[in-house]
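Q: I've got the sequence and the model open side by side. Please pick one part and take me through it closely, with enough of the surroundings that I can find my way.

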Amino acid sequence: MSPRFVAHLPFTAADLPAARQFAGTLARSLSFLTEVDGGETTVSAEDAQGVRHRVFCDLPLDAGRRCVRRVDHDGACAPRQRR
């Protein structure tokens, strides 16, 4: 297995929900790249980078799939399709 790395890309947002929206949109726009693990997307304030906030639920489901819905979603989880 190849080593994993994290890219830190600073951006501005009005608040945490807006930051999560931006990061989620960015992650989904890159989902065609097999190297990107969008389900692990997090955001943090620039001056508190150790405090990360998840963007997606990403809970494990049946058959090795994971939930693609936003963190703290209402209702049942929805599975991510395998690539």
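**A close look at helix 1**

A: Let's start with the outside: the chain has an accessible surface of about 6,400 Å², and carbon and sulfur atoms make up 57% of that. Keep in mind that this is a predicted model. Along its principal axes, the C-alpha trace spans about 40 × 35 × 20 Å. Of the 83 residues, 17% count as buried, a label that takes under 20% relative accessible area.

Now for the layout. You'll find one helix and two strands in the chain, and going along the sequence they follow the pattern α-β-β. Helix 1 is the part I'd zoom in on, and it covers residues 16-29.

Begin at its N-terminal end. Asp 15 acts as the cap there, with a side-chain oxygen sitting 2.9 Å from the backbone nitrogen of Ala 18.

Next, check the length. Helix 1 has 14 residues, and at 1.5 Å a residue it should span 20 Å. The C-alpha atoms at its ends are 20 Å apart, so the model agrees with that expectation.

Then look at what is tucked away. Ala 19, Ala 23, Gly 24 and Ala 27 are the buried residues of helix 1. If you turn the view to look down the helix axis, those buried residues fall within an arc of 130 degrees, so they line one face of the helix.

And what sits over them? Strand 1 is part of what covers the buried residues of helix 1, so to speak of the helix alone would leave out some of its surroundings. Strand 1 takes in residues 42-45, and strand 2 takes in residues 48-54. The two strands pair in the antiparallel sense over three bridges. To trace that pairing on screen, click on Thr 42, whose bridge partner in strand 2 is Arg 54. Then go to Ala 45, which has Ala 48 as its bridge partner in strand 2. Between the strands there is a hairpin, and it makes the join through two residues.

One last number for the whole chain: among contacts with a separation of 6 or more, 27% involve residues 24 or more positions apart.

Terms used
Residues numbered from 1 in each chain as written. Predicted model: local features only at pLDDT ≥ 70, side-chain atom pairs only at ≥ 80, totals over all residues. Heavy atoms only, no water. Pairing = 2+ DSSP bridges. Helix = DSSP H or I, 4+ residues; strand = E, 2+ residues; numbered from the N terminus. Expected span 1.5 Å × (residues − 1). Buried < 20%, exposed > 50% of the residue type's maximum accessible area, 1.4 Å probe, protein only. Arc of directions from axis to C-beta. Contact = heavy atoms within 4.5 Å. Polar contact = N/O pair within 3.5 Å; in protein donor to acceptor, adjacent residues only side chain to side chain. Areas by Shrake-Rupley, 256 points an atom, 1.4 Å probe, with all protein chains shown as cover.
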